[in-house]
Amino acid sequence: MNLKQDFPLLQNSKITYLDSGATSQKPLQVIHAVQEFYEKYNANPHRGAYTLSMEATEIYENTRQKIAHFINSKHTEEIIFSKNATEALNLLAYSYGMENLKNGDEIVLSIMEHHSNLVPWQKVSKVTGANLKYMYIGSDFEIADEEIETKITDQTKIVGITHVSNVLGTINNVKKIIKHAHKKGAVVIVDASQSIPHMKIDVQDLDCDFLVFSGHKMLAPLGIGVLYGKRELLNQMNPFLMGGDMIEYVYEQETTFAPLPNKFEAGTQNVEGVIGLGAAIDYIEKIGYDTIQEIEKEIVSYARQELSKLDYLTLYLTPNEANHSGVISFNIKGVHPHDVASILDSQNVCIRSGNHCAQPLMRFLGIDSTCRASFYFYNDKEDVDRLVWALKKAYEMFKKYITK
Amino acid sequence: MDDLNDIYNDLIMEHSMNSCHKKKLGKCDFCQMGHNPNCGDEISLEIKLNGNVIENLAFTGHGCAISQASTSIMIDTLIGKSIEEAKEIVQTFIEMIKREETNEENLKKLEDAIAFRNICNMPARVKCALLAWHTIEDILKEKEAKNEK
Ligand SMILES: Cc1ncc(COP(=O)(O)O)c(C=O)c1O
């Protein structure tokens, strides 16, 4: 099975793409679905009584159903479309956090949260007077059970946790966190941005209260994301953005709002994004998460093994392979990640360098930035070999200047 | 790869990894922070003046080889220069990076800093090379504002 064949960008260029954690490449099937929408079905959903608009509405709503099925949500209207994970998290901060928290309550996050699941909660904390607390990681780059149990208390009202860290690749035990948080009466928001491209998400099995993800890291176009929320919670919440489509009756001074899911989808939506996301889900389901995991396990294990052989690297990586997804952060000791990334780029190897929108985690680790290679099922062992080769080259260039 | 070796050459590597200007001055007339939030590069420049002349300059902070070397080489070039000369050199460096200044005669005044002339072939790194120069630009502006008071 040569999956790279489905990805024109990987076919058309000689790059080794190791930045799928930032955004994945797109298969032909997704690109074609978007094109087909504009060629055959383009109209504004929910706004026209003519056939074309009805068709657009139908495709849009069918995709919602597809997503509901994909993450096993109980009700289709529990799926809300957003621009991305960031917008979905802001919706939660404003429409849930601001309205439900009060002085003395607690918000508990993990230290490995992406800024998008951190900065909005700082704002909520400042406005409501709720305390913002963090669950820290141990030397194994994982959150210990004890940390979960001591940080989430009777005062905790909201827990925000990333399923998989976009820096460390650590797979957090979200099920355990959710169970404990529920015992303490808190709601849990799971950031599945880095997990859903790689593993089956079942919101009923997790029993999370909210879950967010972006489409673009899982083969879909840029600019489409999903918020899942339990229906009873979403029903109690006020709208986030206001305008067309999210209303029922509008008077000069008052408005009543549409029921779910439209209540949270103001304005003309990113329909091509929704269509593309639907096609991405079809693609993932066609390959199957089992196969995806099998492929990735082989590549990531190989990468762990080969990178471990380079003694001039520092790896920020749990020793427990079972709890590690396809993201590997590292540094060449004494060399700045930005320089490493530039040298790798000259060898057509694309990795990310920087703080990965996780400055509090960087500060906790005592570093400014890392190099990050992230893998997806279209990568292969040759990509790992090219990474290692390019790293050797970078090290050779710097070796004689490195001051210990 | 040629561009790369052009940039990561001995001069730049030596300055980035072992700069004699990376220290605290103790006593200084102006101090200014510069940073590139995107990549986390952060430097602090200290300047000691003697009348109208830059008597000493030093920096602390962290960043990639290009930002560190560019800072160190800039300091090499500017120590002993008058404020007026410094302003001209900074201006010329910025114009060189933007490819607005290509006259060899004019570029001579940059001394070693001319080593960064091809950084525009690595657009992702232009900001790194410019960090220190924009920072000193701010200092010189501040000095000017003070003089006018
Ligand atoms: C864990 C995690 N959460 C949230 C985000 C934010 O995603 P987006 O920028 O698509 O909103 C990202 C991606 O950068 C991420 O890795």
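Which residues come nearest to the ligand? Hold that for a second while I do the housekeeping. This is a predicted model, with local features needing pLDDT of at least 70 and side-chain atom pairs counting only at pLDDT 80 or more, while totals for chains, interfaces and linings use all residues. Residues are numbered from 1 along each chain as its sequence is written, chains are lettered from A and ligands numbered from 1 in the order in which they are written, and side-chain values use heavy atoms, leaving out hydrogens and water.

Okay, the ligand. Around it sit 13 residues (one heavy atom within 4 Å puts a residue in that set), and the nearest are Thr86(A), Asp191(A), Ser214(A), His216(A) and Lys217(A). By class, the shell has one nonpolar residue, 10 polar and two charged; here Ala, Val, Leu, Ile, Met, Phe, Trp, Tyr, Cys and Pro count as nonpolar, Asp, Glu, Lys and Arg as charged, and the others, Gly among them, as polar.

Now some distances. The side chain of Thr86(A) has an N or O atom 2.5 Å from a ligand oxygen, and for Ser214(A) the corresponding distance to a ligand oxygen is 2.6 Å. Asp191(A) puts a polar side-chain atom 2.5 Å from a ligand nitrogen. On its own the ligand has 390 Å² of accessible area, and the protein covers 88% of that (Shrake-Rupley, 1.4 Å probe).

Last stop, Asp209(A). You'll find it in the loop between α8 (203-206) and β7 (210-214) of chain A; those are DSSP runs, H or I of at least four residues for helices and E of at least two for strands, numbered from the N terminus. A polar atom of the Asp209(A) side chain is 2.7 Å from the backbone nitrogen of Val188(A).

Key. Polar contact = N/O pair within 3.5 Å; in protein donor to acceptor, adjacent residues only side chain to side chain.
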